[in-house]
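Hi everyone, thanks for making the time. I'd like to walk you through a structure that is probably new to most of you, so have a look at it while I talk.

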Amino acid sequence: MEVISRDAVAGLLEKWYHDPVAFCHDVFPREEWPRPQQCEILDAIWRNPATVVAAHRGWGKSRTEAFAALAFICTRANSLVFTIAPRWDQVTQGVWVDIRHLWAVSKLPKIFPSWRVLTHEIQTHPLTPKWRAVGVAASEVQNIEGKHPAAGRPALVLGDECKAIPDEFRESVKGMLKHPESRFVGIGTPGIPFGWFYEAFTTRRRGYKTFQFRGDTSPDPEVRAHVQKIGDDAGWDDPFFRQQWLAEFTGADEGVIIPLKIVTPAIRRRLEFSPVWRKVMSVDPAGKGSDHTVVTYRLGPVTIKQKAWQGWDIIKSEREVIALILEWKPERVIIDEGGLGEGVVSHVRDALKDTDIEIVGYRGGAKPHDKERYENRKAEDVHALRERYKEGAEFVEKVHAELRGRLLQLNPSPEAVTRTFDYLHRLTYGSFTPEQIAAVRPGSPEAAALADEIAAKLRKGPGISIPNEPNLIGQTCSWTADRSKANRTMVIDPDDSPDYADSDMMAYAADTFGSSLKGTTISVV
């Protein structure tokens, strides 16, 4: 392989250091050059500490991040490029596909002959182990550990499909961005109006350079015509269409069964443990396609966590499900037995026949208990889940109003009111340490005692608690309702399969199966 001389490389690097578009034009063949909108984004990344891009499907989000990744690592010695996607399959099948392709067709192998471009990593040289690019999944926050740049060197953090990257992960990367030349980039198709990605375009907009690219105003007439047809077919008011093709954050409260306003009070809510709580696990299985197998862990009224994977054959998924069940030892497991799930139920039940774990099959299309009101079992269970959220949200609103009214009797300052509610929030939400809670404890003993009293009510009150998982929250707020020919309520799924929400819904629907099963203990919530 021909290698470009050191003097020639030095001159090029000096030029590219300040101009990522020139880098792309010099190292990639003309047919791979970035489009004008992508050039605009690359220029913005070089000029701003944090840039976010909301773009329609097919815009070229992953390719833009690949351009930025290669331009940054090639022009900044000992730098770190860190890519994040919600799940592992999105890491290897998203931006890293474009990174590997661009590297292969470029002049870069001649300029950096010792570099190795792997599935999700670029290794430069054994003597510079921190000068590299690496991709990780945001599904596990610990993936960030040890991924810091060399001392005094910059990092480029690239977030892909940002609507599904949790707030905690966005916060955890801030320690990597202390160098003045470090950059953060978040790109994705919008979802519901929730989370850090949405806030970057609204309440925290001052901290970001923002871009939104709609399909109906694309410079490409074929894209505009395509979006026009989809909008005419789906309806221009359809929330999913507006997210996917108009790059809008919408859908959380517009005609949905479970609006975001009643889900928000359940996110990371602390509930006082009760010995009558029961362990339940639910499984929404999928095969090798684009859908995900999602396992939900539920303890009483608390969704502890969800575990998901994509592209596995059904036998591998069955083995993983059995291993997870044996590890967690729930009292009841409910498995969607529609389609591929029918065999899963049978095989899991057979594998666990010598245990006390009860395996229950679930069919969303089965007859509901209330045959006059609902078209099928899923419609009934989704609306039952809505009532759980609604009950919790109304209770939280009620006790907050009680605190506000009783607090005003103490004639506090506005700052004291804010501090008291912050203290209450840390007592009843999230995973704040005792030190973090004590740091905002009101100076007034009366206000602090009042907040402690209200917090005890909140921890014992009705409702449910869910993790701050964007996929779960977004899908839960995407179900809509319609009427069947028999004038019964039915549920309409969004176009992308709501695997996370379906699994969570089944976990709570498990409570309603016991009456027809011998020797069953019902989960009490």
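**A walk through the model**

Let's start with one residue: W46 is buried, at 11% relative accessibility. Before I go on, please keep in mind that this is a predicted model.

So what does W46 pair with? Its ring and that of F72 make an edge-to-face aromatic pair, 6.0 Å centre to centre with 80° between the planes. W46 sits in helix α3, while F72 belongs to helix α4 (residues 61–75), so the pair ties together parts that are 26 residues apart in sequence. F72 is buried too, with a relative accessible area of 1%.

Staying with rings for a moment, a search of the whole structure turns up 19 aromatic pairs. As background, a pair of aromatic rings is described by the distance of the centres and the angle of the planes. Take W309 and W312: their ring centres are 4.8 Å apart and their planes are at 25°, so this pair is stacked. W309 is buried, with a relative accessible area of 6%, whereas W312 is partly exposed, at 23%. There's also a cluster, in which ring pairs link F184, W196, F197, Y198, F201 and F249.

Some rings have a charge over them as well. R76 lies over the face of Y17, 4.1 Å from the ring centre. And the charged end of K305 sits over the ring of Y297, at 4.7 Å from its centre.

Now the open sheet. How many strands does it have, and in which order? There are eight, and they run β3-β4-β5-β2-β6-β7-β1-β8, with mixed pairing. At the edges you find β3 (116–117) and β8 (209–213), each of which pairs on one side only. Inside that order, strand β2 (residues 80–85) and strand β5 (residues 132–137) run parallel, joined by six bridges. If you want a pair of residues to click on, F82 has V134 in β5 as its bridge partner.

Helix α3 (residues 36–47), the one that holds W46, packs on this sheet. It touches β1 (50–55), β6 (155–160), β7 (183–188) and β8, and the direction of α3 makes about 165° with that of β8.

Let's zoom in on strand β1, where A50 lies. A50 is buried, with a relative accessible area of 9%. In sequence, A50 and R183 are 133 residues apart, yet C-alpha to C-alpha they are 5.8 Å apart in space. Leaving aside neighbours within four places in sequence, A50 is in contact with F184, G207, Y208 and K209. You may remember F184 from the ring cluster.

Over in helix α4 we have S62. S62 is buried as well, at 18% relative accessible area. Which residues does S62 contact, leaving aside its neighbours within four places in sequence? Those are G94, V95, D98 and D160.

Next, another group of strands. Strand β10 (residues 292–299) has seven of its eight residues buried, so it is largely enclosed by the rest of the structure. Strand β9 (residues 279–284) runs antiparallel to β10, and six bridges join the two. V283, for instance, has V295 in β10 as its bridge partner. β10 also pairs with strand β11 (residues 302–310), again in the antiparallel sense, over eight bridges. There, R298 is matched with T303 in β11. β10 and β11 form a hairpin with two residues between the strands, and in it G300 takes a positive phi near 60°.

Last topic: the cysteines. How many disulfides does a search of the whole structure find? Zero. Why doesn't C39 form one? The closest cysteine sulfur, in C24, is 7.0 Å from the sulfur of C39, which is too far for a bond. For C74 the closest cysteine sulfur is also in C24, at 10 Å, and again that is too far for a bond. Both residues are tucked away in the sense that C39 is buried, at 15% relative accessible area, and C74 is buried, at 2%.

That's my tour. If you take one picture home, make it helix α3 packing on the sheet, with W46 in α3 paired to F72 in α4. Happy to take questions.

Definitions and conventions. Residues are numbered from 1 along each chain as its sequence is written. This is a predicted model: local features need pLDDT of at least 70, side-chain atom pairs count only at pLDDT 80 or more; totals for chains, interfaces and linings use all residues. Side-chain values use heavy atoms; hydrogens and water are left out. Buried means under 20% relative accessible area, exposed over 50%, partly exposed in between (1.4 Å probe, protein chains only). Helices (H or I, at least four residues) and strands (E, at least two) are DSSP runs, numbered from the N terminus. Two strands pair if DSSP finds at least two bridges between them. A disulfide is a pair of cysteine sulfur atoms within 2.5 Å. Contact means heavy atoms within 4.5 Å. Axes are lines fitted to C-alpha atoms, for helices over the stretch in contact, and angles run from 0 to 180 degrees between N-to-C directions. Rings of Phe, Tyr and Trp (its six-membered ring) pair if their centres lie within 6.5 Å; planes under 30 degrees apart count as stacked, over 60 as edge-to-face and the rest as tilted. A charge sits over a ring if NZ of Lys or CZ of Arg is within 6 Å of the ring centre and within 35 degrees of the ring normal.
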